[in-house]
Amino acid sequence: MPPRSVPTARQVRLGTELRRMREGAGLSIQETADRLGINRTHITNLELARFGVSEERVRALAAIYACPDSAYVEALAAMTRERKGGWWEEYRGHIATGGLDLAELEYYASSLRVLEIMHMPGLLQTEEYARAVLGYTVPQWSDTDLRRRLSHRMKRRDILDRDDPPQCTFVIHEAALRMRFGPARVLRAQLDNLLESAERKSVTVRVLTFEAGGFHVPGLSVTYALGAVPQLDTAQFDTAHGPVFLDARSQLMNYRAVLDRTEELALPEKESRDLIRKTVQQM
């Protein structure tokens with residue numbers, strides 16, 4: 001396969017998992033290369049996602065590493081069949097790669113757990129609300145760049161309209177229900193859209209109230225994407241310099257615990273919808 005100029009986050013993840021599988025077997029790169037009868041550089045390039053890897057190669061490596069988890073191996077093999085880039089590739093070179101990686105993560109997730117503190121989740125934002133949120137970026141984007149990012153954000157929502165949408169749980173802090181981005185009418189329309197979205201079978205919306213008190217990682221927006229198997233889960237959170245993606249086993253365990261705790265503190269679905277309606281009425 002030809003070398004890649006810029007591997008996607010998902011391609012990098014596949015290479016990372018191949019490395020983890022090898023290290024779990026206690027084999028060096030040279031030992032693996034010797035067993036396959038290839039140059040050690042080829043193994044390095046596969047693990048760094050510089051080159052694509054075939055399904056047959058993944059299975060051969062899994063056999064060499066004596067990996068006992070067949071579901072995990074099948075999930076990795078399935079990742080090699082994703083030859084065609086997703087819709088987000090049309091934005092490559094125009095928006096930061098972190099935004100492309102987030103769209104790819106959401107697209108392939110089997111389910112999503114999202115915690116938002118200061119604004120509505122990107123997947124549930126109306127166009128006017130998203131435009132207002134994006135308008136607060138420092139430094140400000142040009143009109144052309146803003147239109148591209150807005151278009152990208154709106155297309156991310158399409159996963160909710162698929163025949164097989166991921167099951168999504170959104171925990172939204174009460175602060176986000178009241179924080180205004182743009183005129184009051186924009187927030188009102190956004191809250192109405194939030195209520196409509198909560199009617200989807202694949203969407204759960206729960207509110208974390210002020211009365212719930214403190215919790216871990218306040219101020220962070222967290223997206224936890226479940227993969228085909230638990231080993232392929234990914235945690236993502238926002239920073240001032242862009243999204244950060246985590247997939248180390250201990251990191252995933254910690255973020256699952258954080259989300260478990262916030263879901264324990266959040267209002268049930270019906271009470272959450274009631275609070276959202278009350279917030280609209282108070283505007």
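This is a short walk through the structure, one selection at a time. Keep in mind that the model is a predicted one.

**Stop 1: the sheet**

Switch to cartoon view and find the open sheet of 6 strands, whose order is β3-β2-β1-β4-β5-β6 with mixed pairing. At its edges sit β3 (203-208) and β6 (242-246), each of which pairs on one side only. Look along the sheet and you'll see the twist, which averages 15° from one strand to the next.

Now select residues 111-116 and 167-173, which are strands β1 and β2. These two run parallel and are joined by 6 bridges. As a general point, the strands of a sheet pair through backbone hydrogen bonds, parallel or antiparallel. For one bridge to look at, pick Glu-116: its partner in β2 is Ile-172.

**Stop 2: aromatic rings**

Show the side chains of Phe, Tyr and Trp. How many aromatic pairs does a search of the whole structure find? It finds 8. Start with Tyr-107 and Tyr-108: the ring centres are 5.1 Å apart and the planes meet at 85°, over the 60 degrees needed, so this pair is edge-to-face. Tyr-107 is partly exposed at 33% relative accessibility, and Tyr-108 is also partly exposed, at 26%.

Next, select Phe-237 and Tyr-255. Here the ring centres are 6.1 Å apart with the planes at 15°, so the pair is stacked. Phe-237 belongs to strand β5 (residues 234-239) and Tyr-255 to helix α11 (residues 249-265), so you're looking at a link between distant parts of the chain, 18 residues apart. Buried or exposed? Phe-237 is buried, with a relative accessible area of 15%, and Tyr-255 is buried too, at 13%.

Go back to the two tyrosines and add Trp-87, Trp-88 and Tyr-91: together with Tyr-107 and Tyr-108 they form one aromatic cluster. Then bring in Arg-10, which lies over the face of Tyr-108, 4.1 Å from the ring centre. For another arginine over a ring, jump to Arg-149, which sits over the face of Trp-141 at 4.2 Å from the ring centre.

**Stop 3: Gln-190**

Pick Gln-190 in helix α10 (residues 184-197). What is its relative accessible area? The value is 0%, so Gln-190 counts as buried. Leaving aside residues up to four places away in sequence, Gln-190 touches Met-120, Leu-124, Gln-125, Thr-126 and Tyr-129. Draw a distance to the backbone nitrogen of Thr-126: a polar atom of the Gln-190 side chain is 2.8 Å away. Tyr-129 is 61 residues from Gln-190 along the chain, yet their C-alpha atoms are separated by 6.5 Å.

**Stop 4: backbone oddities**

Most residues other than glycine have a negative phi, and most peptide bonds are trans. The last few selections go against that pattern.

Zoom in on Val-138 and Pro-139, which are joined by a cis peptide bond with omega about -5°. You'll find Pro-139 in the loop between α7 (127-134) and α8 (143-156).

Then try two alanines. Ala-49 has a positive phi of about 65° and lies in the loop between α3 (40-47) and α4 (55-64). Ala-66 has a positive phi near 50° and lies in the loop between α4 and α5 (70-79). Turn on the surface to tell them apart: Ala-49 is buried, with a relative accessible area of 1%, whereas Ala-66 is exposed at 59%.

Methods:
Residues are numbered from 1 along each chain as its sequence is written. This is a predicted model: local features need pLDDT of at least 70, side-chain atom pairs count only at pLDDT 80 or more; totals for chains, interfaces and linings use all residues. Side-chain values use heavy atoms; hydrogens and water are left out. Rings of Phe, Tyr and Trp (its six-membered ring) pair if their centres lie within 6.5 Å; planes under 30 degrees apart count as stacked, over 60 as edge-to-face and the rest as tilted. Buried means under 20% relative accessible area, exposed over 50%, partly exposed in between (1.4 Å probe, protein chains only). Helices (H or I, at least four residues) and strands (E, at least two) are DSSP runs, numbered from the N terminus. A charge sits over a ring if NZ of Lys or CZ of Arg is within 6 Å of the ring centre and within 35 degrees of the ring normal. Two strands pair if DSSP finds at least two bridges between them. Axes are lines fitted to C-alpha atoms, for helices over the stretch in contact, and angles run from 0 to 180 degrees between N-to-C directions. Contact means heavy atoms within 4.5 Å. A polar contact is a pair of N or O atoms within 3.5 Å; within protein, one must be able to donate a hydrogen and the other to accept it, and residues adjacent in sequence count only if both atoms are side-chain atoms.
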